[in-house]
Amino acid sequence: MKQLRLAWQAVIFIVLLSLGPYALAASQLKDIRVWHSPENSRVVLDFSEEPDYKVFFLENPARFVVDTNNASSVVSVPPPSQAGPYLKSFRLGQPKKGVVRLVLDLKQSAQIKSFLLKPAAGFRYRVVLDISAKPGEQGIVAAKPSNSNVATAVKPSASSPPVVRSQTQGPILVAIDAGHGGEDSGAVGLRSREKDIVLSIAKRLKAKIDAQPNMRAFLTRESDYFIPLRKRIKLARTKDKHPADLFVSVHADGFHNPAARGSSVYTLSSKGATSEEARWLANQENAADLAGGVSIGDHDPDVAKTLLDMSMSNTSHESIVLARAILMQLKRIGKVHSRSVERAGFVVLKSPDIPSVLVETAFITNPSEESLLRSSSHQDKLANAVLSGIKDYIGKSPTLAARMRP
């Protein structure tokens with residue numbers, strides 16, 4: 001029996017040896033997606049198995065190349081109309097047997113950063129390519145050999161430090177954070193995705209705030225692209241070279257029970273969630289970086305240093321006051337899921353010096369509430385309610401109220 005088993009093992013070994021590299025499980029390129037933000041273009045490659053890939057630069061014409069060994073492809077490349085500001089076109093080929101080559105032709109000086117994401121949040125293996133350019137770059141050089149898979153052009157110059165505005169002067173600035181975006185769809189209903197709904201509400205809220213005297217708002221994201229959670233905090237603290245006065249993150253709740261319904265408002269908890277649902281939701285929202293795609297090296301140490309214990313400042317208290325004011329207004333336009341402000345460990349609320357709240361406008365997984373969320377009139381009602389809550393909060397703050405006066 002032992003001799004027979006050894007004989008079969010020898011046969012299998014000979015067969016595998018004759019097949020060469022194709023005896024291994026091939027990785028299949030399943031999809032190519034492109035996203036564009038103000039800072040970079042992101043190309044995402046979906047693979048069925050963990051890919052063996054490398055990224056390098058070639059000249060004449062200038063192009064970035066992604067070679068994947070022991071792979072096959074079942075996709076077509078995006079059209080040039082989707083290439084964005086840095087890329088001219090995409091080409092897909094097979095330079096030799098078992099190698100899939102994706103070529104990204106460049107239209108201007110650029111740098112590329114690549115990293116591999118393991119299966120998470122419903123995705124398989126993904127190779128993420130972030131292409132960006134800096135003003136004044138004079139050309140592209142070959143990829144530098146490094147573990148971070150970065151091919152770079154001229155080193156960008158150090159940015160100027162932000163100019164800190166006096167918190168007693170100027171218009172009141174509100175940072176509006178539309179949750180999710182890009183690869184990260186957020187909660188999904190029968191006919192819509194959270195990332196699309198909340199961006200529409202956020203834009204309406206911005207327009208209404210901008211129409212107020214001595215108030216102004218900006219969006220952390222203005223279209224469908226992904227921003228890491230900690231980058232959203234950084235934008236709130238450095239946008240327009242001074243920190244925002246308030247931070248409002250807009251979301252549409254999702255839950256495994258389609259009967260769940262109602263609006264909620266959350267603030268940061270440094271000790272623990274106020275309910276099991278709050279804890280579950282915070283875990284879902286904090287996993288956004290897994291879905292959206294964040295490299296290990298993307299965690300900004302400067303931001304990390306600012307995430308201080310909120311008990312050391314007045315920010316935590318002010319966040320609760322703001323959340324209560326917004327929740328009170330939401331109660332006037334519909335059902336609320338929780339009649340009091342909830343708390344949980346949301347990463348996006350961890351600004352140490354800006355009162356920050358997260359508004360769950362409704363449950364997109366509830367069919368009737370999803371219909372409301374898709375309605376322009378209801379989106380307006382939600383934006384008006386949040387604006388009214390912000391104005392109520394400002395009216396109770398002597399410093400902010402003084403700045404509201406012409």
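What share of the 406 residues in the protein chain is buried? I looked that up before anything else: buried residues make up 49%. A note to self: this is a predicted model.

**Overview**

I pulled the secondary structure next and got 10 helices and 16 strands for the protein chain. Then I checked how far contacts reach along the sequence. Taking contacts with a separation of 6 or more, I find that 72% of them join residues 24 or more positions apart.

**The β3-β4-β7-β6 sheet**

I went to an open sheet of 4 strands, which runs in the order β3-β4-β7-β6 with antiparallel pairing. Its edges are β3 (52–58) and β6 (87–93), and each of these pairs on one side only. I also looked up the turn between neighbouring strands here, and on average it comes to 15°, direction ignored.

Inside the sheet I picked the pairing of β4 (residues 63–69) with β7 (residues 99–106), which is antiparallel and spans 7 bridges. Which residue of β7 stands opposite R63? I found D105 there.

**Aromatic pairs**

I counted aromatic pairs and got 2. One is F57 with F64: the centres are 5.7 Å apart, the planes are at 65°, and the pair is edge-to-face. I checked burial for these two, and both F57 and F64 are buried.

The other is Y266 with F346. Why does this pair count as edge-to-face? The ring centres are 5.3 Å apart and the planes are at 70°, and the cut-off for edge-to-face is over 60 degrees. I then asked where the partners sit: Y266 is in strand β14 (residues 264–268), while F346 is in the loop between β15 (342–344) and β16 (356–363), so the pair ties together parts that are 80 residues apart in sequence. Y266 and F346 are both buried.

**S270**

I stayed just past β14 and looked at S270, which is in the loop between β14 and α4 (276–286). Is S270 buried or exposed? Its relative accessibility is 62%, so I log S270 as exposed. I also took a C-alpha distance from S270 to K350 and got 9.4 Å, for two residues 80 apart along the chain.

**R33 and its surroundings**

R33 is in strand β1 (residues 27–36). I half wondered about an arginine here, but R33 has a relative accessible area of 15% and is therefore buried. What does its side chain make polar contacts with? I found two such partners to note: the side chain of D46 at 2.4 Å and the side chain of E183 at 2.6 Å.

Leaving out neighbours within four places in sequence, I list R42, V43, V44, D46, F123, R126 and E183 as the contacts of R33. For V44 I checked the C-alpha separation from R33, which is 5.1 Å across 11 residues of chain. Two others on that contact list, F123 and R126, turned up again in my charge-over-ring search: the charged end of R126 sits over the F123 ring, 4.0 Å from its centre.

**Q212**

My last stop was Q212, in the loop between α2 (194–210) and β12 (215–219). With a relative accessible area of 18%, Q212 is buried; the cut-off is under 20%. Which residues does Q212 touch, not counting those up to four places away in sequence? I got L387 and K391. With K391 there is also a side-chain to side-chain polar contact of 3.0 Å.

Conventions: Residues numbered from 1 in each chain as written. Heavy atoms only, no water. Pairing = 2+ DSSP bridges. Helix = DSSP H or I, 4+ residues; strand = E, 2+ residues; numbered from the N terminus. Axes fitted to C-alpha atoms, helices over the stretch in contact; angles between N-to-C directions. Phe/Tyr/Trp six-rings, centres within 6.5 Å; stacked < 30°, edge-to-face > 60°. Buried < 20%, exposed > 50% of the residue type's maximum accessible area, 1.4 Å probe, protein only. Lys NZ or Arg CZ within 6 Å of the ring centre and 35° of its normal. Polar contact = N/O pair within 3.5 Å; in protein donor to acceptor, adjacent residues only side chain to side chain. Contact = heavy atoms within 4.5 Å.
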